[in-house]
Amino acid sequence: MSAWAEVDTATYSPLASVSGTGPNDVWAVGNSGTIRHYTGGATWEIVDSPTRQNLRGVWAAATDDVWAVGENGTILRYDGTEWRTSATALPKADQRDLYAVWGSGPSDVWAVGDGIVLHYSRAKAGTRGGAK
C-alpha cells in the first residue's frame, strides 16, 4: 500500500508550487522567495534565491532549466548553477502578480497571472525573439 510521507523542507514558509524532472530532481517555491530542491534523501536543500517576492509557480523543463514566477511580475530562471531574474517586456509600472508557469520545452514557456498571459520563446540562430 502506498502512502504520503512528509519530507523536511527546512522552512516554515508556505510553499505554493512543486515541479520536477524525476524523483531526485524536484523543486518547490513559496513565500519570501523560498526555493527548495529535492535530490533524494530525507530533506530538501535550501537554495539561494535572488528575490524576496512571494513565488507562486515553478516548472522544470530539465535539470538545468527551471522557471519560477511570483508576485510583482517576478520571473526567475535556473541554469543548472544558479537562479537569476529574467526580464519581461512589461513596463515597470505594470508588474502584475504571476501564479503559474509551464512550457513544452526550454524555448516555449508560458506564465499566467492577474489578467495576463506571457510567452517566452528563445530566439533561433539568425533570428530575433525573446519574451512576447
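Me: What makes β7 and β8 a pair of strands?
Reply: In this predicted model, β7 and β8 are joined by 3 bridges and run antiparallel. Two strands count as a pair once at least two bridges are found between them, and the 3 bridges of β7 and β8 therefore satisfy that requirement. One position in this pairing is Tyr78, which faces Trp83 in β8.

Me: What lies between β7 and β8 in their hairpin?
Reply: The hairpin of β7 and β8 has 4 residues between its strands. In this hairpin Gly80 adopts a positive phi near 100°.

Me: Why are β6 and β7 called paired strands?
Reply: β6 and β7 run antiparallel and are joined by 4 bridges. The cut-off is at least two bridges, and β6 and β7 therefore count as paired. Within this pairing, Ala68 stands across from Leu76 in β7.

Me: What is said of β5 and β6?
Reply: Strand β6, residues 65-70, is joined to β5 by 6 bridges in the antiparallel sense. With at least two bridges required, this link therefore qualifies as a pairing as well. Trp59 has Trp67 of β6 as its bridge partner.

Me: What order do the strands β5, β6, β7 and β8 take in their sheet?
Reply: The order is β5-β6-β7-β8, in an open sheet of 4 strands with antiparallel pairing. β5 (55-62) and β8 (83-85) are the edge strands, as each of them pairs on one side only. On average, neighbouring strands of this sheet are turned by 20° against each other, direction ignored. As a general matter, the strands of a sheet pair through backbone hydrogen bonds.

Me: Which way do the residues of strand β7 point, and are they buried or exposed?
Reply: In strand β7, residues 75-78, Ile75 and Arg77 point one way, while Leu76 and Tyr78 point the other way. All of these residues are buried. The pattern fits a general rule: side chains in a regular strand alternate between the two faces of the sheet.

Me: Why is Asn72 called partly exposed?
Reply: Asn72 has a relative accessibility of 43%. Buried means under 20% and exposed means over 50%, and Asn72 at 43% therefore counts as partly exposed. Its place is in the loop between β6 and β7, a hairpin with 4 residues between the strands.

Me: What makes the phi of Asn72 worth a remark?
Reply: The phi of Asn72 is near 55°, which is a positive value in a residue other than glycine. Most residues other than glycine have a negative phi. Ala10, in the segment before β1, also has a positive phi near 55°.

Me: Why does Ala10 count as partly exposed?
Reply: The relative accessibility of Ala10 is 40%. That value is not under 20% and not over 50%, and Ala10 is therefore placed in the partly exposed class.

Me: What order do the strands β1, β2, β3 and β4 take?
Reply: These strands form an open sheet of 4 strands in the order β1-β2-β3-β4, again with antiparallel pairing. The edge strands are β1 and β4 (45-46), each pairing on one side only. Strand β1, residues 15-22, is linked to strand β2, residues 25-30, by 6 bridges. These two strands form a hairpin with 2 residues between them, and Gly22 stands opposite Asp25 in β2. β2 is also joined to strand β3, residues 35-38, by 4 antiparallel bridges.

Me: Why is Ala28 called buried?
Reply: Ala28 has a relative accessible area of 5%. Buried means under 20%, and Ala28 therefore belongs to that class. Ala28 is found in strand β2 and stands opposite Arg36 in β3. Leaving aside residues up to four places away in sequence, Ala28 touches several residues, among them Leu15, Val18, Ile35 and Trp44.

Me: Which residues lie nearest the centre of the largest pocket?
Reply: Asn72, Gly73, Ser86, Lys92 and Gln95 lie nearest the centre, out of 15 lining residues. The lining divides into 6 nonpolar, 8 polar and 1 charged. The volume of this pocket is about 270 Å³.

Note on methods. Residues are numbered from 1 along each chain as its sequence is written. This is a predicted model: local features need pLDDT of at least 70, side-chain atom pairs count only at pLDDT 80 or more; totals for chains, interfaces and linings use all residues. Side-chain values use heavy atoms; hydrogens and water are left out. Axes are lines fitted to C-alpha atoms, for helices over the stretch in contact, and angles run from 0 to 180 degrees between N-to-C directions. On a 1 Å grid over the protein atoms alone, a cavity is a set of points where a 1.4 Å probe fits but cannot get out, and a pocket is an open set with protein on both sides within 12 Å along at least five of seven lines; lining residues have an atom within 4 Å of a point. Grid points are joined across faces, edges and corners, and a volume is the space filled by probe spheres set on the points. Ala, Val, Leu, Ile, Met, Phe, Trp, Tyr, Cys and Pro count as nonpolar, Asp, Glu, Lys and Arg as charged, and the others, Gly among them, as polar. Buried means under 20% relative accessible area, exposed over 50%, partly exposed in between (1.4 Å probe, protein chains only). Contact means heavy atoms within 4.5 Å.
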